[in-house]
Amino acid sequence: ETFGYEKANTEFVCSYIEQLDAFPDESFDVVVSNCVVNLSPDKSAVLRGVYRVLKPGGEMYFSDMYRNQRMPKELMSNEVLWGEGLAGALYWNDFL
């Protein structure tokens with residue numbers, strides 16, 4: 001569907017979010033994470049890669065969970081909590 005445009009202007013790319021090296025710099029208008037960053041073991045690589053591939057004025061829609069406190073290490077290694085995205089959730093103060 002083109003939503004009134006002459007041709008489609010949206011492309012969905014299936015990739016690991018921490019492996020954006022295959023994409024050129026400043027090539028994306030929008031990057032969306034729907035609880036994908038929480039599942040990534042290398043969040044720094046994700047954020048660096050997203051920053052690199054976004055065009056000037058581009059946006060990241062970050063629809064992940066956040067924590068309001070640090071999680072004990074023994075809980076962060078829990079496979080069930082990791083799979084649910086809870087163990088990998090970022091502490092909100094880490095964004096400041």
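**Figure 1. How much of the chain is tucked away.** Of the 96 residues in the chain, 27% are buried. Keep in mind that this is a predicted model. The chain exposes about 7,400 Å², and carbon and sulfur atoms supply 54% of that area.

**Figure 2. The chain from end to end.** You can count three helices and four strands here. Start at the N terminus and the elements come in the order β-α-β-β-α-α-β. The radius of gyration is 16 Å, well over the 12 Å that the globule rule gives for 96 residues, so the chain is more spread out than a compact globule. The C-alpha trace spans about 55 × 25 × 25 Å along its principal axes. Now look at contacts with a separation of 6 or more: 64% of them are between residues 24 or more positions apart.

**Figure 3. Two phenylalanines, F23 and F28, edge to face.** The structure holds two aromatic pairs. In the pair shown here, the ring centres of F23 and F28 sit 5.3 Å apart. Why is this pair called edge-to-face? The planes of the F23 and F28 rings meet at 85°, and edge-to-face applies to planes over 60 degrees apart, so the pair gets that label. Both F23 and F28 are buried.

**Figure 4. F62 and Y66, a tilted pair.** This aromatic pair has its centres 5.5 Å apart, with 45° between the planes, and counts as tilted. Are the two partners buried or partly exposed? F62 has a relative accessibility of 19%, so it counts as buried; the cut-off for buried is under 20%. Y66, at 43%, counts as partly exposed. You'll find Y66 in strand β3, which covers residues 66-67.

**Figure 5. A nonpolar patch with Y66 in it.** Here's Y66 again, this time as part of a nonpolar patch on the surface. Which residues form the patch with Y66? They are L47, W92 and F95, and the four residues have about 400 Å² of accessible area together. So Y66 plays two parts in these views: it belongs to this patch, and it pairs with F62.

**Figure 6. G83, out in the open.** Where does G83 sit? Its place is in helix α3, made up of residues 79-83. With a relative accessibility of 53%, G83 counts as exposed, because the cut-off for exposed is over 50%. Try finding P56 as well: G83 and P56 are 27 residues apart along the chain, and their C-alpha atoms are separated by 33 Å.

Terms used:
Residues are numbered from 1 along each chain as its sequence is written. This is a predicted model: local features need pLDDT of at least 70, side-chain atom pairs count only at pLDDT 80 or more; totals for chains, interfaces and linings use all residues. Side-chain values use heavy atoms; hydrogens and water are left out. Helices (H or I, at least four residues) and strands (E, at least two) are DSSP runs, numbered from the N terminus. Buried means under 20% relative accessible area, exposed over 50%, partly exposed in between (1.4 Å probe, protein chains only). Rings of Phe, Tyr and Trp (its six-membered ring) pair if their centres lie within 6.5 Å; planes under 30 degrees apart count as stacked, over 60 as edge-to-face and the rest as tilted. Patches are made of residues with over 30% relative accessible area and no salt bridge: like charges are joined within 9 Å, nonpolar side chains (Val, Leu, Ile, Met, Phe, Trp, Tyr) within 5 Å. Accessible areas come from the Shrake-Rupley method with a 1.4 Å probe; for residues, only the protein chains shown count as cover. A salt bridge is a side-chain nitrogen of Lys or Arg within 4 Å of a carboxyl oxygen of Asp or Glu. The radius of gyration is taken over C-alpha atoms; the globule rule is 2.2 Å times the number of residues to the power 0.38. Contact means heavy atoms within 4.5 Å.
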